[in-house]
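I opened the model to look up its overall form, its charges, its surface and a few single residues. My entries follow in the order in which I made them.

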Amino acid sequence: MTGEEMERAIEFLLQSQAKNDAQIGLVADQVGDLTHRVDELTRQVTETHRLMQLHAETQTEFIQVVTRSLDALTNVIARVNAKVDATDARVSARADATDARLDRLAATVERIITGRGDQPPAL
């Protein structure tokens, strides 16, 4: 190889190395950008996971509160129904007694009106 050919070969190698260095620099920049994006995405996924966990815990607490409230309401309704049933029985017994008294009163009035009573009707 002549000196001129050697110089061209060296020049070619130097230009190739310069191109390779430039391309490696671009790839390094792209890798840095991708690393930054992956880090940001990881941060977002971590934050979303934290928020979803918090939401799940809140929902669990809400369900527990609603369940306790419904249980308490069921107990109150059962007590009210028992009181209504007891009151119903007393009202029914009083209504029966009132009906009997009204029947006796009606019979007495009937006897008085028809003149079959022991005393004359008072005017």
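Entry 1, charges. I am working from a predicted model. I began with the charged side chains and counted 14 positive and 20 negative ones in the protein chain. I then took the centre of each set, and the two centres lie 22 Å apart.

Entry 2, salt bridges. Side chains of opposite charge can pair when their charged atoms come close. I asked how many salt bridges the count comes to. The count is 2 salt bridges, with a nitrogen of Lys or Arg within 4 Å of a carboxyl oxygen of Asp or Glu as the cut-off.

One of them joins E40 to R43, and their closest N and O atoms are 2.7 Å apart. I checked where the partners sit: E40 and R43 are both in helix α1, which covers residues 3-114. They are 3 residues apart there, so about one helical turn separates them. I also looked up how open each partner is. E40 is partly exposed at 30% relative accessibility, and R43 is partly exposed at 46%.

The pair E47 and R50 also forms a salt bridge, with 2.7 Å between the closest N and O atoms. Here too I found a spacing of 3 residues in helix α1, so E47 and R50 are about one helical turn from each other. For E47 I noted a relative accessible area of 30%, which means partly exposed. R50 has 44% and is likewise partly exposed.

Entry 3, overall form. I asked how many helices and strands the protein chain has. I found 1 helix and 0 strands. The radius of gyration of the chain is 51 Å, well over the 14 Å that the globule rule gives for 123 residues, so the chain is more spread out than a compact globule. I also fitted a box along the principal axes, and the C-alpha atoms fill roughly 165 × 25 × 20 Å.

Entry 4, burial and surface. I asked what share of the 123 residues counts as buried. The share is 0%, with under 20% relative accessible area as the cut-off for buried. The accessible surface of the protein chain comes to about 11,200 Å². Carbon and sulfur atoms hold 61% of that surface.

Entry 5, nonpolar patch. I looked for nonpolar side chains grouped on the surface and noted a patch of about 770 Å². F62, I63, V66, L70, L73, V76, I77, V80 and V84 make this patch. I looked up one of its members, L70, and placed it in helix α1.

Entry 6, distances along the helix. I picked three residues and took C-alpha distances from each to a partner elsewhere in the sequence.

S16 is in helix α1. I read a relative accessible area of 23% for S16, so it counts as partly exposed. From S16 to A95 there are 79 residues in sequence, and the C-alpha atoms are 113 Å apart in space.

D71 also lies in helix α1. With a relative accessible area of 45%, D71 is partly exposed. D71 and A9 are 62 residues apart along the chain, and 90 Å separates their C-alpha atoms.

T108 is another residue of helix α1. I have T108 down as partly exposed, because its relative accessibility is 31%. Its partner in my list is V45, 63 residues away in sequence and 91 Å away in space, C-alpha to C-alpha.

Terms used: Residues numbered from 1 in each chain as written. Predicted model: local features only at pLDDT ≥ 70, side-chain atom pairs only at ≥ 80, totals over all residues. Heavy atoms only, no water. Helix = DSSP H or I, 4+ residues; strand = E, 2+ residues; numbered from the N terminus. Buried < 20%, exposed > 50% of the residue type's maximum accessible area, 1.4 Å probe, protein only. Patch = residues over 30% accessible without salt bridge, like charges linked within 9 Å, V, L, I, M, F, W, Y side chains within 5 Å. Areas by Shrake-Rupley, 256 points an atom, 1.4 Å probe, with all protein chains shown as cover. Rg over C-alpha atoms; globule rule 2.2 N^0.38 Å. Lys, Arg positive; Asp, Glu negative; His and termini not counted. Charge placed at Lys NZ, Arg CZ, Asp CG, Glu CD.
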